[in-house]
Amino acid sequence: MQQTPLIARRAFLLGASALTLAGCVSTRQPTTAAVVPEPVRPVTPLMYAAIPDEQFPIPEVDVSQVNERWWRTEIDYPTDEKVGTVIVDTPNRYLYHVRPNGRAVRYGVGVGRDGFLWAGRGHIAYKRKWPRWNPPDEMVARQPELEPYSIANGGMPPGLNNPLGSRALYIHEGNRDTLYRIHGTPEFHSIGKAVSSGCIRLLNQDVIHLADNVRDGSKIVVIPDPAKADLLIDRK
């Protein structure tokens with residue numbers, strides 16, 4: 001049967017529309033939401049794992065907040081200081097515990113900020129686990145809100161929020177307490193910076209390691225920052 005011109009035209013238009021629709025479907029690119037990868041947190045090394053069996057359980061170190069350059073490591077370290085000496089390199093933010101055969105354990109530290117610096121030679125008179133914190137009277141005078149923790153009031157009880165952390169090593173010059181300490185901190189971000197009131201702070205895991213290996217009476221040498229020599233506290 002022969003189609004009339006009108007029917008043939010309609011059939012042509014319907015076919016063209018179908019082809020056009022089919023073409024749109026086949027060439028359209030699927031739309032998908034952009035996938036944003038989650039930031040990868042560095043794997044915590046065993047030395048910075050949680051320590052649950054401490055008096056106050058210590059959480060693992062968030063190593064994403066601590067540059068790897070500040071992580072504890074053993075290195076070659078030639079020095080004229082005797083084995084067992086603790087050396088604080090203030091300008092470079094490192095503490096070294098001298099080992100035999102020209103080696104040392106190196107720790108990243110936080111140091112005193114401007115106006116609260118101390119340097120010199122002394123010794124580690126003694127160590128304390130989970131010490132009480134007794135802010136010096138001059139600190140209380142600057143920060144009256146610390147009055148409840150003053151020496152007269154017995155200081156701050158030990159704990160994770162205590163500024164001295166899990167261990168404290170007390171620095172003396174001769175028979176005199178310098179009032180400066182090597183101590184722990186849970187403030188991961190402060191390592192490698194000048195933030196404290198003159199004390200030397202380490203990660204809690206690091207200060208435990210140091211305290212376990214340093215003997216009472218060990219010599220300590222604190223190297224000043226030449227650029228800030230005029231800011232050093234005169235303890236004499």
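Here are a few worked exercises on the structure above.

This is a predicted model, so local features need pLDDT of at least 70 and side-chain atom pairs count only at pLDDT 80 or more, while totals for chains, interfaces and linings use all residues. Residues are numbered from 1 along each chain as its sequence is written, and side-chain values use heavy atoms, with hydrogens and water left out.

**Exercise 1. Work out which elements the protein has, and in what order.**

Step 1: Start with the elements, taken as DSSP runs numbered from the N terminus: helices are H or I, at least four residues, and strands are E, at least two. The protein has three helices and 11 strands.

Step 2: Now read along the sequence, and you get α-β-β-β-β-β-β-α-β-β-β-β-α-β.

**Exercise 2. Find what the pair Tyr-48 and Trp-71 ties together.**

Step 1: Check the geometry. Rings of Phe, Tyr and Trp (its six-membered ring) pair if their centres lie within 6.5 Å; planes under 30 degrees apart are stacked, over 60 edge-to-face, and the rest tilted. There are six aromatic pairs by that rule. Tyr-48 and Trp-71 sit 6.4 Å centre to centre with 75° between the planes, which is edge-to-face.

Step 2: Place the residues. Both lie in the loop between α1 (5-27) and β1 (73-76), so the pair ties together parts that are 23 residues apart in sequence.

Step 3: Look at exposure, where buried means under 20% relative accessible area, exposed over 50%, and partly exposed in between (1.4 Å probe, protein chains only). Tyr-48 and Trp-71 are both buried.

**Exercise 3. Do the same for Phe-56 and Trp-130.**

Step 1: The ring centres are 5.0 Å apart and the planes are at 65°, so this pair is edge-to-face.

Step 2: Phe-56 is in the loop between α1 and β1, and Trp-130 is in the loop between β6 (120-129) and α2 (137-142), 74 residues apart.

Step 3: Phe-56 counts as partly exposed at 24% relative accessibility, whereas Trp-130 is buried at 5%.

**Exercise 4. Say which element gives the most to the largest nonpolar core.**

Step 1: Such a core is a set of buried Ala, Val, Leu, Ile, Met, Phe, Trp, Tyr and Cys residues joined through side-chain atoms within 4.5 Å. The largest has 21 residues, and those with the most contacts inside it include Leu-95, Leu-169 and Ile-220.

Step 2: Among the elements that each supply at least two residues are β2 (86-89), β7 (167-173) and α3 (204-213).

Step 3: The top contributor is α3, with three residues.
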